[in-house]
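Here's an informal walk through the model, meant to be read with the structure open beside it. We'll go from burial to the sheet, then to the annotated sites, a helix pair and two odd backbone angles.

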Amino acid sequence: MNIVLIGYMGSGKSLVSRCLSETIGSEYLDLDDYIEAEEKKTIKNIFEEKGEVYFRKKEHFYLKKVLGTFENTVISLGGGTPCFSGNIEIINKLAEGRSIYLQTGVDELVERLFGEKNKRPLIAHLDTKEALQDFIRKHLFERSFYYNQAAYKIITDKKALNDIVAEIQAILK
Ligand code: S3P
């Protein structure tokens, strides 16, 4: 039984997944980390050297591999993973109803992402908070179509990590 966390960049997927896996005593896997280890390159380098389309192909390949191989694992996906190549259908099928969308509002995403945008190729070029906010508002609107297909949704704004983890445990009981 895997649990799969999806959501926009900066929504806390990795942190929540790690904390949830420790709490319930299961394994933890971050798809971006897995891709970097397998490809022996950072995501940033993959984007720079081969472009986004190439990255999405790799992401699709490793998503299927991970969901088909791992068991009893809390899996944190990349922000774009559910939005390409029929990935959301694959996620929902292979996670057997245990996909969770961590929904975070634009203002909170801007605050979290502005300081660490350089490791994220899609937003690294946005120099001001206003530009970042504009981008996120539109991007999140587009992506919400996919995120909202997760089996469950949790709103994370202004919530403590432990409370989010407890909410997930309650949902999946
Ligand atoms: C991406 C999100 C990133 C990473 C890549 C693309 C996206 O993951 O997969 O930079 O398209 O939203 P995080 O959501 O973990 O930052």
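A word on burial before anything else: a residue counts as buried if 20 or more other C-beta atoms lie within 10 Å of its own, as exposed if 12 or fewer do, and as partly exposed in between. Take Lys-158 as a test case: it has 9 C-beta neighbours inside 10 Å, so it counts as exposed. Keep in mind that you're looking at a predicted model.

**The sheet**

Start with the strands. There are 5 of them in an open sheet, ordered S2-S3-S1-S4-S5, and the pairing is parallel. Which strands stand at the edges? They are S2 (27–30) and S5 (152–155); each has a single partner strand, so one side of each is left without a neighbour in the sheet. On average, neighbouring strands here are turned by 20° against each other, direction ignored.

For one pairing in detail, look at S1 (residues 3–6) and S4 (residues 99–103), which run parallel and are joined by 3 bridges. Within that pairing, Val-4 stands opposite Ser-99 of S4.

**Annotated positions**

UniProt has "binding site" annotations here, from an unreviewed entry. One set lists Asp-32, Arg-56, Gly-79 and Arg-143. Another lists Gly-10, Ser-11, Gly-12, Lys-13, Ser-14, Leu-15 and Arg-120. Ser-14 is also listed for "binding site" on its own.

Where do Arg-56 and Gly-79 sit? Arg-56 is in helix H4 (residues 52–69), while Gly-79 is in the loop between strand S3 (73–76) and helix H5 (87–94). Is Gly-79 buried or exposed? With 22 other C-beta atoms within 10 Å, Gly-79 is buried. Arg-56 has 17 such atoms, so it is partly exposed.

Their contacts are worth a look too. Not counting residues up to four places away in sequence, Arg-56 touches Phe-84 and Ser-85. With the same kind of sequence neighbours left aside, Gly-79 is in contact with Gly-7, Tyr-8 and Met-9.

Ser-14 is found in helix H1, and Leu-15 lies in H1 as well. Leaving aside neighbours within four places in sequence, Ser-14 is in contact with Asp-30 and Ser-76.

Here are the burial counts for several residues in this report:

| Residue | Other C-beta atoms within 10 Å | Class |
|---|---|---|
| Arg-56 | 17 atoms | partly exposed |
| Gly-79 | 22 atoms | buried |
| Ser-14 | 17 atoms | partly exposed |
| Leu-15 | 15 atoms | partly exposed |
| Phe-70 | 17 atoms | partly exposed |

**A helix pair**

H1 turns up again in a helix packing. The axes of H1 (residues 13–24) and H8 (residues 161–172) come within 10 Å and cross at roughly 65°, and the crossing is right-handed. Which residues make the contact? From H1 they are Leu-15, Val-16, Cys-19, Leu-20, Thr-23 and Ile-24, and from H8 they are Leu-161, Ile-164, Val-165, Ile-168 and Gln-169. By class, that contact has 9 nonpolar, 2 polar and no charged residues. Leu-15 therefore appears twice in this report: with its 15 C-beta neighbours it is partly exposed, and it is one of the H1 residues in the contact with H8.

**Phe-70**

Phe-70 lies in the loop between H4 and S3. Its contacts, leaving aside neighbours within four places in sequence, are Asn-2, Glu-27, Leu-29 and Ile-75. Phe-70 and Ile-6 are 64 residues apart along the chain, and their C-alpha atoms are separated by 17 Å.

**Two positive phi angles**

Most residues other than glycine have a negative phi. Two residues here go the other way. Ser-85 has a phi near 55°, a positive value in a residue other than glycine. Ser-85 lies in the loop between S3 and H5, and with 16 C-beta neighbours inside 10 Å it counts as partly exposed. You've met Ser-85 already, as one of the residues touched by Arg-56.

The other is Lys-158, which isn't a glycine either but has a positive phi of about 60°. Look for Lys-158 in the loop between S5 and H8; this is the exposed residue from the opening, with 9 C-beta neighbours inside 10 Å.

Definitions and conventions
Residues numbered from 1 in each chain as written. Predicted model: local features only at pLDDT ≥ 70, side-chain atom pairs only at ≥ 80, totals over all residues. Pairing = 2+ DSSP bridges. Helix = DSSP H or I, 4+ residues; strand = E, 2+ residues; numbered from the N terminus. Axes fitted to C-alpha atoms, helices over the stretch in contact; angles between N-to-C directions. UniProt positions renumbered as here; feature names shortened; annotations may be inferred. Contact = placed C-beta atoms within 7 Å. Left-handed = near helix turned anticlockwise from the far one by under 90°. Nonpolar A, V, L, I, M, F, W, Y, C, P; charged D, E, K, R; others polar.
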